[in-house]
Every structure is written in structure tokens, then in C-alpha cells.
Amino acid sequence: MTKQSPQRILVADDEPLYRETTAEFLREEGFECICVENADDAITVLKEMDFDLILTDLNMPGNLKLELLREGRETYAHVPMIVITGVPSISSAIESVRLGITDYLLKPIKLDELLVAVKRAIEQKPSNRGAPITSPQDVALPTQTVHGATTLHRVPPVVGESDGMREVFEIVSKVAQGNANVLVTGESGTGKEVIAEMIHRLSARSERGFQVIDCTAIPDTLFESVLFGHTQGAFTGAIKDQAGLLRAADGGTAFFDEIGELPMPLQAKLLRVVQSQTFTAVGSDRPAKIDTRFICATNRNLSDEVEAGRFRQDLFYRLAVIHIQLPPLRERGQDIVRLAETFLQQLLPAGSNLEGFSEEAIESFLRYRWPGNVRELRNVVERSIALAQGSNIRREDLPVPLQNPNDTADQDWVDLTEISRDEALDRADRDYLTKLLRKHQGVIARAARQAGLSRQGMHKLLNRHGIIADDFRSP
């Protein structure tokens, strides 16, 4: 019988002491370790040898823009990757999870905890080295069962460089590690479930279930049975004991979508669960204890609903310990283009000749109001891929509302080819400054920070265009 070769781990870190200490520990545990001190060397070694796991630092030469993470996920997607960093950042945490890393750990980490993470990652790895490469966006999450139907949830792209999304990511990174309940609000299609799932994936609960509970899909009469479960004989048709959805979220996260649609009588039942972390299955007299974090989402203004008497104030305060408001897509600027390009790459059929979007199509994207937000954008891209004839998606390939956006932007729009370059740039500069000041309510410091200018530089630009910041201040 041939002796099985030890599993091979690539350790990439620019701190010599940490790198060698980690490698020596893993060798003592029976692993083979190859050590490198920067991302360039890591990529070179990956091309030459097969590995069962990559352990990588973030802040090291050659990886300051996550080059190793991107290369590892794109070219070596079959090799699990654990990120270990002593300087965590909002953007790197979000991007790491989006790319599909196995784990995101913070230094200093105890060696026994590292060993658990390493073994778990390798156990989840496909057994065949050199397996076919999969898309980095196609990262499988644990399967969940709702009403007996098993579905496989996948992480949608989390794209955002706009100020509004940066603020969202900052809150997400801060609240993920705690247990406070979170309320995510925003218009339909803005990605509330995506953010809820991101909080779960970044939390200590990530190994347990993320249970989606759609408050609009459960009939009032079945709410308790679906949520809490029931015992055999509890009612006609209850032929066996059935665990409820909350039991599946024990140790994990329960995501209540469209919580604003929950009728008042059912709100009282949910309040008791949130307060006490206990519930009683239908037909039972024994309370069951759970350890569950609650994340809820709604496109309603729950404060207004409380005032109108349609939502319980005590439940609102229990659920909205942390409130995250998602910006509509129309306020996210170039995020629209980044999302469109991401969806294009994700949805493009194999062998397609499509290369991207024409300038006119991108212009239409930026002028359109996007009432359906990110969900509508994805549908538009999918439709356009099917209809496009050339190498680029053109304006004519878009739905009619995007070809002729009926909003205020149309009234100010001119054919840029009919004016001089200087006039076109002047128009764009003035339009940008006015929208920036409107967004920041005339606060020059915040507007300058977003524009990447000093206060003095911002004042010079405003004076040149005759724009008065005070005109944009709230009364």
C-alpha cells in the first residue's frame, strides 16, 4: 500500500516570524508547507505546484490591490483560500467574501483555531486536484429548505464604490461580528437580501444556517406551524413532527424579508421569540430554546408604520437595533456601469462574441431612473445579451424606456457632438458639482472629500462656475 502524500499548503506572508511559525506548526500537524513572502512569488509557485490550500496575508507586497485573491479565485478556484490579516479593512473584507474565499481571519489568531479553519477548508475542497475552474461569482452557500423545497443560494455580486455603498459596507463590517439585530431598508431591488447575507457570511455564525423567511409567502393560518414547527397530530394533516424554519436558523441567522407586511397578530408572536429566544411548536407544551440573530428587511418606512398603528413599536425597537438604509441605484453613479459589466460577465453564454456596452448604451444607463434598481438592471442586461447582434450591446438593444429615458435628465440633455469639447467638459463639470452639493446639502468639506479635492480647490471650482454652496443647504 502506497503512503498518501501530505496535503500541501501555500503560506504567503511578508512577516518572517509569523510565516515560519505558522508553517512549522502546520508541519507538525502533518501538512507540507511552502512559504513565500509576497504575492508575485505565490502566483509563480501556484503555476508550478498543486496545492490543497492557500493561506495568505492581505497587506503584503504584490497584494495591495488583492492581486493574489483575484488570481487565486479566477485561475485556481478549486483551491480553497483563507485570508489572514492584522489590518482588516471594509473594502477588503467585502471583496474577499464576494470572491468566494473560504475564511477571513484576523491576527493574532490562536494556532488551534487556525488548525480548525485549515482542516475545515481542506475537507470542503474537491478531492481532485486540477478540477475545472468555476466562476468566482458562482460561490455556493449552504442549501436551505423552505416548505420542503431545497434551494441553493449563491452570492450575487457585491459591487459599490459610491459614497452611499461605502457607508453601507462600513456599517456591515462593524456589525457583522456582533449579535445585534439589524433592519435593512431600501426600495425594492436595491439588494437588501444580499446585504443581509453578507452580514451573515462575515459573522461568527457563517458556518450555520442563513434562513430566508418571506413574510409575504406564508399564509397567516400557517405562520406558527411554518415558523415554529408542529408535533404529530397537532392538526389535521400533521402526520409527523416537523421542525420549523426557526429551528433551521439555530446558531445562525434568520432573515425576515418584507417584515413590514406581517399582520399585527403575527407581529406579537414574533416579538416573543425575538425577546426570549424561545418558541413552542404547535401541539407541544415544551418551549424550545434557540440562539438566532434576526435580520429583517422592508421597503416600507417602519417609523411611519408605527405611527399609523400598523406595526408594533416594541417589535420595531427590537428589530432595528442597527439600521442600514440602502441607496437607490439612481444615486449610485458609476456603480451602475460597474454592476452592468459584472452582470454581463456573469450572464454571458459560453462562446459569445459580446465584448461590452457601447458608449450610447452606457449613457442610457446613467440617464435612466432605475425604478426597479439592481434587480431591474440585471434583467435589462440579461435581455440585452439575448437581443444583441454585434460585438457590443447598443442603445437599440435596450428596452424602450432606456432608449428614451423620460426624466428630468432628458430636458437638459444636448447632443455633445454639436458643441465644443471645452463646452461639453464645462457642462459636465457644472452638472457634477451641483449634484454633489445637492447630495451633501451644501457642505463643502464632504463634497470636496468625495471629489478628491481640497476645500480651497472646491471653492475655486465653484467660483469659476458661479455656484453658491449655501443655495444647497437644507433650511
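Select tyrosine 368 and tryptophan 370 to begin: both residues are buried, a word reserved for a relative accessible area under 20%, with exposed meaning over 50% and partly exposed in between (1.4 Å probe, protein chains only). The model shown is predicted, so local features need pLDDT of at least 70 and side-chain atom pairs count only at pLDDT 80 or more, while totals for chains, interfaces and linings use all residues. Residues are numbered from 1 along each chain as its sequence is written, and side-chain values use heavy atoms, with hydrogens and water left out.

**The aromatic cluster**

Add phenylalanine 357 and phenylalanine 365 to the selection. Phe357, Phe365, Tyr368 and Trp370 form one aromatic cluster. The structure holds 7 aromatic pairs. Rings of Phe, Tyr and Trp (its six-membered ring) pair if their centres lie within 6.5 Å; planes under 30 degrees apart are called stacked, over 60 edge-to-face, and the rest tilted. Phenylalanine 357 and phenylalanine 365 make an edge-to-face pair, at 5.3 Å centre to centre and 75° between the planes. The rings of tyrosine 368 and tryptophan 370 have centres 4.8 Å apart and planes at 85°, so this pair is also edge-to-face. Phenylalanine 357 is buried at a relative accessible area of 12%, and phenylalanine 365 is buried at 1%.

**The open sheet**

Next, display the strands E1 to E5. Helices (H or I, at least four residues) and strands (E, at least two) are DSSP runs, numbered from the N terminus. An open sheet of 5 strands follows the order E2-E1-E3-E4-E5 with parallel pairing; two strands pair if DSSP finds at least two bridges between them. At the edges are strand E2 (32–36) and strand E5 (103–106), each pairing on one side only. From one strand to the next, the twist averages 20°.

Which strand does E1 (residues 8–12) join through 4 bridges? The partner is strand E3 (residues 53–56), and the two run parallel. Select alanine 12 to find one position in detail: its bridge partner in E3 is threonine 56.

Now show helix H1 (residues 16–28), which packs on the sheet and touches E1, E2, E3 and strand E4 (81–85). Contact means heavy atoms within 4.5 Å. The direction of H1 makes about 170° with that of E2; axes are lines fitted to C-alpha atoms, for helices over the stretch in contact, and angles run from 0 to 180 degrees between N-to-C directions. Helix H3 (residues 67–75) lies across E1, E3 and E4, running at about 170° to E4.

**Two cysteines**

Select cysteine 35. Its sulfur is 6.1 Å from the closest cysteine sulfur, in cysteine 33, too far for a bond. A disulfide is a pair of cysteine sulfur atoms within 2.5 Å, and the count by this rule is 0. Cysteine 35 is partly exposed, with a relative accessible area of 26%. Cysteine 215, by contrast, is buried at 9%.

**Loop residues**

Move to glutamate 258, in the loop between strand E12 (253–257) and helix H10 (264–276). Its phi is near 55°, a positive value in a residue other than glycine. Most residues other than glycine have a negative phi. Glutamate 258 is buried, with a relative accessible area of 16%.

Finally, select glutamine 441, in the loop between helix H18 (421–439) and H19. Glutamine 441 likewise has a positive phi of about 55°, and at 41% relative accessibility it counts as partly exposed.
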